[in-house]
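Okay, thanks for making time, everyone. I'd like to walk you through one helix pair and then one cavity, so let me put the structure up.

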Amino acid sequence: MAGAMIRKLWNWIKRLAAYDGASIDRPNGGWRPATGRAPEEIDKPERQLLIDRGRDLERNSDIIIGALEAILRNSVGNQGIIPQAHVLKAGGQDDEKRNDAIEELWKQWTRQENCDIAGVSTFAELQALVLRRRIVDGEVFVRKIWLKSSKENPFPLRLQVMEPDQLDKTITEYSGRKVYDGIEVDEYLRPVGYWFRPDPMDQAGDSVRIDAQEVIHLWSRKRASQIHGVSELAPIMQRAKDSKEYLDAELMAARIAACFAIFIRRDNPGGMVGRADKDADGRPVQEIAPGMIAYLAQGETPVEARPDHPNGNSKDFLALQQRLVGAGTGQSYEVTSRDMSQVNYSSARQGHLEDRKTYGIFQQYMVDHFCRLIWESFVESVVLSGALKVSDFHGKRERYVSARWIRPGWEWVDPLKEVRASSEALQIGATTLEEVCGSKGLDWQEVLRQRAREQKYAEELGVKLGELPPQELSADEKEE
């Protein structure tokens, strides 16, 4: 009796946690997550399993495909993130001549035959590829390869995209430094080298060490001591898989429910002759087919299957699942499902603004961790090859690699209202033409140049281009 009372008292004390989340009562008693230092916790076989499952969902789950394509479509788009050279003269004015020369070389280099070592993807397509792999695989590597320059090849820089599968996970130490699944780090966990197998299909071949300065590692850091990335689909993998299997089961049940079969029982014992229980090949009939007629022997009784399908709640259930998958990727249900049936202007605009913040994070990541590094290496490469004539580059490197970035923009939900808002903001100085044009993925300087060309041509034709007078909002617009 005393022992039982002591155990009861001890269990009551254990439930008195300062935080409800730390309670170890009956509902939470089995909640014992694994813990440990990030490299030890993440660098496990589970990371490869997450990669494999993520790739499977990327191929076969329409929910994941919708969420993934929405990120790529809005973060990178079909043109990619485009640099605008920003070299300044001594007086602070834009060096237009030099900027135009750099940008013209950049346009040539971004072709697939000049930027991709495999000669397959343009630079915009490489941006989409590395962002996709960062999300699905958790990490991706881009190696900078330097070729010998010549008059026929003024662009010595090439890029090679490498997947985490190519990392040599057998090496654990090199020159006194730790190597975690192919990533060699110093005492501060700073990568100093990467160990890759040249052939991703040959896991038994010798690996090659590549200095960290020649490799761009794209991944999302969640913990201070983390070294490898983890698939960003991990939190929603199970939900996406369950939704796919649920939908497959519903479709199969609906197909069965659509089958109408007639079972005939004959009292004549000789009725076994001609009994339709075998197919044309003499095999027993084991499937229900639409319009099937099956003859039963005496004593056999058919049991009718009544699947109540299609299920009227399926649509709501799948919509909820897709909404949660969208939330897991930082997106709204409408943008991942392309279902706009339940939104009005205000809710669509609010959701669009929230989605833009998500895409803005991806865009800024791409600029800071990929595009900027490639741009600086590109400018350096064309200077070294002589394609760009700069005598003081090494003494003023930062001046010549400076650039602004034009990100893919978005169309307005209501163009008329947005134009009026932008016009008023410009008039009171609350925004700039660069910001307005940049929100649509346009270069404000090119917009002005094109506008000047149009005005000049209109004057030559005797056509006057004017501004539309401001208009008042209608009663319906004011109510919205």
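**A helix crossing and a cavity**

So, start with H7 and H11: H7 passes H11 in a right-handed crossing. Keep in mind as we go that this is a predicted model.

H7 covers residues 123-136 and H11 covers residues 345-385. Their axes come within 12 Å, and the crossing angle is roughly 125 degrees. What do we call that? The two helices are therefore oblique to each other, since the perpendicular class runs from 65 to 115 and antiparallel needs over 145.

Now, who's touching whom? On the H7 side you've got Phe-123, Gln-127, Val-130, Leu-131, Arg-134 and Ile-135. Facing them from H11 are Phe-362, Tyr-365, Met-366, Phe-370, Cys-371 and Ile-374. Sort the residues of that H7 and H11 contact by type and you get 10 nonpolar, one polar and one charged.

Hang on to Ile-135, one of the H7 residues in that contact, as Ile-135 also turns up in the lining of the largest cavity.

How many cavities of 30 Å³ or more does a search of the whole structure find? Just one. The volume of the largest cavity is about 30 Å³.

Going round the wall, we have Ile-64, Ala-67, Leu-68, Ile-71, Ile-135, Leu-233 and Thr-329. Which helix gives the largest share of that lining? That's H4, residues 62-75, with four residues. By type, the lining comes out as six nonpolar and one polar, with no charged residues.

Okay, that's my bit. Over to you.

Technical notes: Residues are numbered from 1 along each chain as its sequence is written. This is a predicted model: local features need pLDDT of at least 70, side-chain atom pairs count only at pLDDT 80 or more; totals for chains, interfaces and linings use all residues. Side-chain values use heavy atoms; hydrogens and water are left out. Axes are lines fitted to C-alpha atoms, for helices over the stretch in contact, and angles run from 0 to 180 degrees between N-to-C directions. Angles under 35 degrees count as roughly parallel, over 145 as roughly antiparallel, 65 to 115 as roughly perpendicular and the rest as oblique. A crossing is left-handed if the near helix is turned anticlockwise from the far one by less than a right angle, and right-handed if clockwise. Contact means heavy atoms within 4.5 Å. Ala, Val, Leu, Ile, Met, Phe, Trp, Tyr, Cys and Pro count as nonpolar, Asp, Glu, Lys and Arg as charged, and the others, Gly among them, as polar. On a 1 Å grid over the protein atoms alone, a cavity is a set of points where a 1.4 Å probe fits but cannot get out, and a pocket is an open set with protein on both sides within 12 Å along at least five of seven lines; lining residues have an atom within 4 Å of a point. Grid points are joined across faces, edges and corners, and a volume is the space filled by probe spheres set on the points.
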